[in-house]
Amino acid sequence: MTRYALITGASSGIGLAMAEALARRGRNLILVARQRDRLESIAIELTQRFGVEVLFRACDLGEPLRLSGFLLELEEGERQIDLLVNCAGIGTSGPFLGQDWMTEQDLIEVNILALTRLCHAIGNSMALLGGGQILNVASIAAFQPGPWMSTYYASKAYVLHFSEALRVELKKCSIKVSVLCPGPTRTGFFSRAQMDEQKLIDSKLLMSPEEVALYAVRALDRNRAIIIPGRRNRWLAALPRLGSRWLVRTIAGMINKAYCPR
Ligand SMILES: NC(=O)c1ccc[n+]([C@@H]2O[C@H](COP(=O)([O-])OP(=O)(O)OC[C@H]3O[C@@H](n4cnc5c(N)ncnc54)[C@H](OP(=O)(O)O)[C@@H]3O)[C@@H](O)[C@H]2O)c1
């Protein structure tokens, strides 16, 4: 049976960079996101450049019924997935009460529910087949509460804690679970989350998605539990443990407010 790495959010940003980094290593891929045309051209390009098999599936992970259909196809297709990269994610910014509810619901569906369901379905197949590896993408936002991006930060805290817990549970099934916590990265994420991208670019805080992916792939080889690319980001992730929770949430709120135009 041919083995594949399944990557969600592979149409852009960190997910796309992960797809390229894995294809470079000779991995066959299944790419998932909503934009079918983007996925198709990425699949053609990666196949031509690296000679690997690249399948793709357009699926809105925010729609549970579509996700069910996709999972059923995977089950029937008898393709062995030995690496799952849950990278699809969205952000919202601004005052919680002023958010459009459907956008908040989408965030929870994609960042939390779809990720959890994919871990459950594909984790069970991996267990039957004797093992595998899961990489869930959280963020350095996972290490503290984030006023003015409340649901996003909370969703990433969920991903961090869920992944760490699964790592312990799934060890006996030979499934290695890691969580990637990038800091600010140069992708379309900020404009999609309605944040002031220019301020971040000016602050020179951003890493490139390729740097993040390369670091992640090397850390996966070493089966690292929590993967934080960049020394500055490792500091930022450690700082909340040093201050009082009042101070931490106040500072996080001040920073987020500066990047939220509304
Ligand atoms: N950029 C950063 O600074 C940063 C920092 C820390 C963590 N992260 C995390 O990294 C991950 C990737 O983000 P990114 O920065 O690479 O942003 P991005 O370029 O906006 O990528 C997001 C990806 O998720 C997919 N996606 C969004 N909604 C989806 C849905 N409903 N169904 C299926 N796919 C969906 C998008 O594809 P389609 O539009 O084609 O569906 C896209 O491929 C996210 O989980 C994000 O929270 C980002």
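Buried means under 20% relative accessible area, exposed over 50%, and partly exposed in between, with a 1.4 Å probe and protein chains only as cover. The model shown is predicted: local features need pLDDT of at least 70, side-chain atom pairs count only at pLDDT 80 or more, and totals for chains, interfaces and linings use all residues. Residues are numbered from 1 along each chain as its sequence is written, and side-chain values use heavy atoms, with hydrogens and water left out.

**Close-up A. Glu45 and Arg49 form a salt bridge within helix H2.** A salt bridge is a side-chain nitrogen of Lys or Arg within 4 Å of a carboxyl oxygen of Asp or Glu. Helices (H or I, at least four residues) and strands (E, at least two) are DSSP runs, numbered from the N terminus. The N to O distance between Glu45 and Arg49 is 2.9 Å. The two residues are four apart in helix H2, about one turn of the helix. Glu45 is partly exposed because its relative accessible area is 38%; Arg49, at 41%, is also partly exposed. Salt bridges with shared partners join Glu45 and Arg49 with Glu20 and Arg24 into one network.

**Close-up B. Glu20 and Arg24 form a salt bridge within helix H1.** The N to O distance is 3.0 Å. Both residues belong to helix H1 (residues 13-24) and are four residues apart, about one turn of the helix. Glu20 has 21% relative accessibility and therefore counts as partly exposed. Arg24, with a relative accessible area of 53%, is exposed. By the salt-bridge rule, the count comes to nine.

**Close-up C. Arg27 pairs with Asp82 in a salt bridge.** The closest N and O atoms are 2.7 Å apart. Arg27 lies in the loop between H1 and strand E2 (29-33) and Asp82 in strand E4 (residues 80-86), so the pair ties together parts that are 55 residues apart in sequence. Arg27 is partly exposed, at a relative accessible area of 23%, whereas Asp82 is buried, at 13%. Side chains of opposite charge can pair when their charged atoms come close.

**Close-up D. A patch of positive charge on the surface gathers Arg218, Arg222, Arg224, Arg231 and Arg234.** Patches are made of residues with over 30% relative accessible area and no salt bridge; like charges are joined within 9 Å, and nonpolar side chains (Val, Leu, Ile, Met, Phe, Trp, Tyr) within 5 Å. Lys and Arg count as positive and Asp and Glu as negative, while His and the chain ends are not counted. The place of a charge is taken as NZ of Lys, CZ of Arg, CG of Asp or CD of Glu. Arg234 sits in helix H9 (residues 231-238) and is partly exposed because its relative accessibility is 35%.

**Close-up E. Phe96, Leu97, Trp101, Met102, Ile108 and Leu113 make a nonpolar surface patch.** The patch covers about 670 Å². Accessible areas come from the Shrake-Rupley method with a 1.4 Å probe, and for residues only the protein chains shown count as cover. Leu113 belongs to helix H4 (residues 101-128). With a relative accessible area of 45%, Leu113 is partly exposed.

**Close-up F. Cys59 and Cys87 are in no disulfide.** A disulfide is a pair of cysteine sulfur atoms within 2.5 Å. Searching the whole structure gives zero disulfides. For Cys59, the nearest cysteine sulfur is that of Cys119, 15 Å away. For Cys87, the nearest is that of Cys181, at 12 Å. Cys59 counts as buried because its relative accessibility is 4%, and Cys87, at 11%, counts as buried too.

**Close-up G. Trp148 and Gln194 have positive phi angles.** Most residues other than glycine have a negative phi, and most peptide bonds are trans. Trp148, not a glycine, has a phi of about 75°. Trp148 is placed in the loop between E5 and H5 and is partly exposed, with a relative accessible area of 29%. Gln194, also not a glycine, has a phi of about 60°. The loop between helix H6 (189-192) and helix H7 (197-202) holds Gln194, which counts as partly exposed at 47% relative accessibility.
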